[in-house]
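Here is a protein model to look through together. Turn it around on your screen for a moment, then read on.

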Amino acid sequence: MSESNLELLLKLQEVDCECDSIEFRLSAIKNHKYLNELESKMAGLGSQKAMLIKTGQRLDSDITAIEEKGELIRRKIGDLDAKLYHQRDLNPKDLQVIASEIEHQKRLLDEVDDEELQLLDKSSEGESSLNYFLLEESKILAQIENLKTELNAESAGLKVRLAGFGDEIAELRGKISEEYLKIYDKIRSTGKPVAIGQLLNGKCTACSVDIATAEINKMTASKDELNYCEQCGCILVI
Ligand SMILES: [Zn+2]
């Protein structure tokens with residue numbers, strides 16, 4: 001005996017539900033939460049890294065400037081020293097002026113050297129942070145690559161499975177009457193995952209709600225017609 005429309009619809013629904021779950025997984029892969037998290041983490045690291053590089057460049061030019069400043073002062077001190085020790089015709093007052101100018105320049109040089117040290121410290125701190133970010137970035141990049149490879153393989157496998165169901169669905173639909181297919185499709189188009197359920201132990205298998213005995217009796221009497229669950233609206237196989 002060939003299978004009835006309802007039996008075929010139940011089979012079709014099984015395959016359709018399998019396809020739904022594959023499609024659900026495919027869309028979850030397409031918009032993968034963890035992958036998105038990793039990618040936004042990566043973007044965050046990228047902008048922090050860019051900021052550190054910019055700060056580093058600014059520090060480098062500040063260090064060059066302060067080094068030049070120090071060099072100028074050192075040259076000035078050298079000139080003053082030369083004046084002090086090699087010029088014989090200086091009177092004590094001039095000597096005093098030169099000596100105090102040398103002291104002044106040496107104090108300035110100390111200040112400049114301190115400033116340079118501070119800048120060098122900041123620069124090496126920045127470099128350590130940058131190295132940390134680069135390391136983090138390469139770790140996350142590797143995670144992203146691995147995850148993408150994994151997801152791409154899973155997605156390819158799912159697509160093959162999905163395509164494999166195509167013939168089965170077409171064959172089943174070819175055997176079911178237009179009228180039944182129309183109803184089945186209409187219920188499924190409302191977003192309900194299950195369009196057809198069975199009456200099992202007095203319950204609808206689609207919504208698990210008890211069906212009143214009077215209702216069961218009524219449906220059993222009209223078994224050959226299409227019956228629907230009053231609770232969830234799906235076709236009910238008695
Ligand atoms: Zn139901």
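Two strands count as paired if DSSP finds at least two bridges between them. With that in hand, take strand E1 (residues 196-200) and strand E4 (residues 235-237): they pair in the parallel sense, over 3 bridges. Keep in mind as you go that this is a predicted model.

**How sure is the prediction?**

The protein chain has an average pLDDT of 93, and 99% of the residues score at least 70. Confidence is highest in helix H3 (residues 92-175), with a mean of 96. Where does it drop lowest? That would be helix H5 (residues 213-221), at a mean of 89.

**The overall build**

There are 5 helices and 4 strands in the protein chain. Walk along the sequence and you meet them in the pattern α-α-α-α-β-β-α-β-β. The radius of gyration comes out at 41 Å, while the globule rule gives 18 Å for 238 residues, so the chain is more spread out than a compact globule. You can see that in the box its C-alpha atoms fill, roughly 135 × 35 × 25 Å along the principal axes.

**The little sheet**

Now back to the strands. They make an open sheet of 4 strands in the order E2-E1-E4-E3, and the pairing is mixed. Strand E2 (203-204) and strand E3 (227-228) sit at the edges with a single partner strand each, so one side of each has no neighbour in the sheet.

You've already met the parallel pair, E1 and E4. E1 also pairs with E2, but here the strands run antiparallel and 2 bridges join them. Those two strands form a hairpin with 2 residues between them, and asparagine 201 in the turn has a positive phi of about 50°.

Which residues partner up across the bridges? Here are some of them, with the E1 residue in the left column.

| Residue in E1 | Bridge partner | Partner strand |
|---|---|---|
| glycine 197 | leucine 236 | E4 |
| glutamine 198 | valine 237 | E4 |
| leucine 199 | cysteine 204 | E2 |

**A helix with a glycine after it**

Helix H4 (residues 178-189) has 12 residues. From its first C-alpha to its last, H4 reaches 16 Å, close to the 16 Å expected at 1.5 Å a residue. H4 is followed by glycine 191, which has a positive phi, near 100°.

**Two domains and where they touch**

The chain is divided into domain 1 (1-20 + 177-238) and domain 2 (32-176). Notice that domain 1 is written as two stretches of sequence. How many Å separate the centres of the two domains? Taken over C-alpha atoms, it's 66 Å.

The domains are in contact, with 11 residues from domain 1 and 8 residues from domain 2 taking part. On the domain 1 side, helix H1 (5-30) and H4 each supply at least two residues. The largest share of that side comes from H1, with 8 residues. Sorted by type, the domain 1 residues that touch domain 2 are 7 nonpolar, 2 polar and 2 charged.

Terms used: Residues are numbered from 1 along each chain as its sequence is written. This is a predicted model: local features need pLDDT of at least 70, side-chain atom pairs count only at pLDDT 80 or more; totals for chains, interfaces and linings use all residues. pLDDT is the predictor's confidence in each residue, from 0 to 100. The expected span of a helix is 1.5 Å times one less than its number of residues. Domain bounds come from an automatic or database domain assignment. Two residues are in contact if their C-beta atoms, placed from the backbone, lie within 7 Å. Ala, Val, Leu, Ile, Met, Phe, Trp, Tyr, Cys and Pro count as nonpolar, Asp, Glu, Lys and Arg as charged, and the others, Gly among them, as polar. The radius of gyration is taken over C-alpha atoms; the globule rule is 2.2 Å times the number of residues to the power 0.38.
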